[in-house]
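Hi everyone, thanks for making time. I'd like to walk you through one model today, starting from a single residue and working outwards.

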Amino acid sequence: MKALFFDIDGTLLSEKTHQVPESAIRAIEAARKNGCLSFINSGRCECMLKEMERILPMDGVLAGCGTELTYHGERIFYYPLPDELQQKIVHADRKYNVGIVAEGSEVNHYRPEESRMEVMNFMREMTGKIHALSIENFEGHYEISKFCIQADEESDMDGIRAEFEKDFDIMDRRGGFYECVPRGFDKGQAILHMAELLNIDMDDVYVFGDSSNDLPMFRTAPAHSTAMKKHDPVLDPYAAYVTDRVEEHGIEKALKHWKLI
């Protein structure tokens, strides 16, 4: 049984049109009809994936860089951060002059006031539009599994690293954006967990991605790894195949390349 693991942003979802191409939907449906299991494997937490799951029916979802796993709609694993770490995170924005998104399974948490960083305001607005924005006190106690940082020239990223890199992998996603995942969790470990659960041979695992947080996926399944044409160069040593851009039917072309459809 073959298992396919897809990143979302920049892989299935076009960063240009903010849409999933019909060709990708058609190709994944065909692969599933051919007996392949298909999974979303995303840095987004579950609350930010509802629309994608509606558009793209999958066999399972690996969310939050491996901190939450579901199979056929049933949660099989979830890792919430200890309260001590959660409290450090929600006070770090003012301490280090950064923007923070505290990410949970059900909602994402932002400070309610306008940020000096327009990208933070945009992300909060978009999160609200899909009903995934928390109304709780940002500095309160609640369940999250990871967090993201937006930094600029006024931010103290050295201070952030000194406080958090013992407990988190801090991934540079470019443009001052950093994704912080608890150590021991990543997209590759999530695949290994799911493959063991479902008795899938790693030789039958195929991965598709474009960004730095996809690197653990590529290291886990280098023989069948597909990078999108626009991708982070960090993937190059592990990319077995480079397909076209999302908008150029890259996913459909990749599934044909691997003879999955």
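Let's begin at I251. Leaving out residues up to four places away in sequence, I251 touches F6, T11, L12, A24, I28, F208 and M228. Please keep in mind that this is a predicted model.

Which residues have the most contacts inside the largest nonpolar core? They are L4, F6, L12, F208, I251 and L255, in a core of 28 residues. The elements that give two or more residues to this core are β1 (3-6), α1 (22-33), β3 (60-63), β11 (205-209) and α8 (250-257). The largest share, five residues, comes from α1. There is also a second, separate core, with 21 residues, and among them are L85, F138, A151 and M157.

Back to α8 for a moment. Its buried residues are G250, I251, E252, A254 and L255. So what covers them? The cover includes β1, α1, β11, β12 (225-227) and β13 (241-242). After α8 comes K259, with a positive phi near 60 degrees.

That brings me to backbone angles. In general, most residues other than glycine have a negative phi. Just before α8, in the loop between β13 and that helix, sits H249. H249 is not a glycine, yet it has a positive phi of about 65 degrees. C65 is another non-glycine with a positive phi, about 55 degrees in this case. You'll find C65 in the loop between β3 and β4 (68-71).

Are these two buried or exposed, or something in between? C65 counts as buried because its relative accessibility is 2%, with the cut-off for buried being under 20%. H249 has a relative accessible area of 39%, so it is partly exposed.

Now two polar residues that I'd like you to look at on the screen. N41 is found in strand β2, which covers residues 37-41. N41 counts as buried because its relative accessibility is 0%. Setting aside residues up to four places away in sequence, N41 touches F5, F6, D7, L62, K187, A190, I191 and M217. You may remember F6 from the start: I251 touches F6 too.

The other one is T127, in helix α4, residues 118-129. With a relative accessible area of 1%, T127 is buried as well. Beyond its neighbours within four places in sequence, T127 is in contact with M48, N108, Y110, A132 and L133. Take Y110 from that list: T127 and Y110 are 17 residues apart along the chain, and their C-alpha atoms are separated by 9.6 Å.

Let me zoom out to the whole chain. How many helices and strands does the protein chain have? There are eight helices and 13 strands. A compact globule of 261 residues would have a radius of gyration near 18 Å, and the protein chain has 18 Å, so the two agree. Along the principal axes, the C-alpha atoms fill a box of roughly 50 × 35 × 35 Å.

Buried residues make up 55% of the 261. Of the contacts between residues at least 6 apart in sequence, 59% join residues at least 24 apart.

For those of you who think about surfaces and charges, the accessible surface comes to about 12100 Å², and 49% of that belongs to carbon and sulfur atoms. The chain carries 30 positive and 47 negative side chains, and the centres of the two sets lie 4 Å apart.

That's my tour, and I'm happy to take questions.

Note on methods:
Residues numbered from 1 in each chain as written. Predicted model: local features only at pLDDT ≥ 70, side-chain atom pairs only at ≥ 80, totals over all residues. Heavy atoms only, no water. Helix = DSSP H or I, 4+ residues; strand = E, 2+ residues; numbered from the N terminus. Rg over C-alpha atoms; globule rule 2.2 N^0.38 Å. Buried < 20%, exposed > 50% of the residue type's maximum accessible area, 1.4 Å probe, protein only. Contact = heavy atoms within 4.5 Å. Areas by Shrake-Rupley, 256 points an atom, 1.4 Å probe, with all protein chains shown as cover. Lys, Arg positive; Asp, Glu negative; His and termini not counted. Charge placed at Lys NZ, Arg CZ, Asp CG, Glu CD. Core = buried A, V, L, I, M, F, W, Y, C linked by side-chain atoms within 4.5 Å.
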